[in-house]
Amino acid sequence: MQRLERQHHDQTVFIGTIAHELRNPLRPIGLATRLLALSVDPKQIEQAAKVIRRQVAFVERLVEDLVDMTRVSEGRLNLRYEDVLLQPLVEEAIEACRPSAVAASVELLSVLPPVMVRVQVDSGRIHQVVTNLLNNAIKFTPRGGRASVLVNVDGTHFLIKVLDTGCGIGPELQPRIFDMFTQADGADSGRGHGLGIGLALVKEIVSLHGGTIEVRSEGRGRGSEFIARLPILRQAPRTPN
């Protein structure tokens, strides 16, 4: 009963958060479009265009996560494996997050293996894992903080670690941080709450690949570390729950 009550509460908060998160980009998009209509200064036009691109990208990520959440709940999230080089895949995901990091004044760092590693994965989904983890780190890190991506290989598996110097995760939340609708408090970063679906999607994607993911944090204000461990070679397919 207690679990059902918590799920109902989380879903109620989630619906309210969706409305808030969808409303947030509308004001800067509206201001930028008015500036485009009135300005003849190329610099102002370019700045307005950047604002629109950044906010539209945010909405696109939000909608994609919502669609994937539905696929997970219906057991329809599937993988399309291909042979790809790991480092360029991770670098592309990092670059996709860089505008958000710049806007939030969060430093991005990365450490990748010096020798190219070929893996068998769904490249689009691994890109999603990295961007979701990194955007989460950026969102919950105060200005002037740091988010890092570390990748290494242990022979049969590769590890993707995303660390931040953000607000951390309390011990009471860590056991259910990957549950759908679970939301961490982002007050310390000044950028509000998360939707509570990004980390759940990450866990599902990693699990479908035959991998595991864990979280480590020494508590509030001590930053956090997410570690995804995935096989280099394709594993036997798993039927989604």
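Is Ser105 buried, exposed or partly exposed, as judged from its relative accessible area? In this predicted model, Ser105 has a relative accessible area of 37% and is therefore partly exposed, since the partly exposed class lies between the limits of 20% and 50%. Ser105 is placed in the loop between α4 and β2, the latter spanning residues 107-111. The phi angle of Ser105 is near 55°, a positive value in a residue that is not glycine.

The chain as a whole contains six helices and seven strands. Along the sequence these elements follow the order α-α-α-β-α-β-β-α-β-β-α-β-β. Of the 241 residues in the chain, 46% are buried. The exposed surface of the chain amounts to about 13,000 Å², of which carbon and sulfur atoms supply 55%. Among contacts with a separation of 6 or more, 74% are accounted for by residues 24 or more positions apart.

Two helix pairs that involve α5 were examined. Two packed helices are described by the angle between their axes and by the distance between the axes. For helix α4 (residues 86-104) and α5, the axes come within 9 Å and cross at roughly 25°. This angle is under 35 degrees, so α4 is roughly parallel to α5. The crossing of α4 with α5 is right-handed. On the α4 side, the contact is made by Leu89, Glu92, Ala93, Ile94, Ala96, Cys97, Ser100, Ala101 and Ala104. On the α5 side, the contributing residues are Ser123, Ile126, His127, Val130, Thr131, Leu134, Asn135 and Ile138. By class, the residues of this contact between α4 and α5 comprise eleven nonpolar, five polar and one charged.

The second pair consists of α3 and helix α5 (residues 123-139), whose axes come within 13 Å and cross at roughly 120°. The two helices α3 and α5 are therefore oblique to each other, and their crossing is left-handed. Helix α3 contributes Arg61, Asp65, Asp68 and Arg71 to the contact, and α5 contributes Arg125, Gln128, Asn132 and Asn135. The residues of the contact of α3 with α5 divide into three polar and five charged, with no nonpolar residue. Asn135 of α5 is thus listed both in the contact with α4 and in the contact with α3.

Helix α3 (residues 42-73) also includes Gln55. The relative accessible area of Gln55 is 16%, which means that Gln55 is buried, the limit for this class being under 20%. When residues up to four places away in sequence are not counted, Gln55 touches Pro25, Pro28 and Ile29.

A further buried position is found in strand β4 (residues 146-153), which contains Ala147. Ala147 counts as buried because its relative accessibility is 0%. With neighbours within four places in sequence left aside, Ala147 is in contact with Val106, Glu107, Leu108, Leu109, Leu134, Ala137, Leu163 and Asp164. One of these partners, Leu134, is also among the α5 residues that make the contact with α4. Ala147 and Glu225 are 78 residues apart in sequence, and their C-alpha atoms are 9.8 Å apart in space.

Methods:
Residues numbered from 1 in each chain as written. Predicted model: local features only at pLDDT ≥ 70, side-chain atom pairs only at ≥ 80, totals over all residues. Heavy atoms only, no water. Helix = DSSP H or I, 4+ residues; strand = E, 2+ residues; numbered from the N terminus. Buried < 20%, exposed > 50% of the residue type's maximum accessible area, 1.4 Å probe, protein only. Contact = heavy atoms within 4.5 Å. Axes fitted to C-alpha atoms, helices over the stretch in contact; angles between N-to-C directions. Parallel < 35°, antiparallel > 145°, perpendicular 65-115°, else oblique. Left-handed = near helix turned anticlockwise from the far one by under 90°. Nonpolar A, V, L, I, M, F, W, Y, C, P; charged D, E, K, R; others polar. Areas by Shrake-Rupley, 256 points an atom, 1.4 Å probe, with all protein chains shown as cover.
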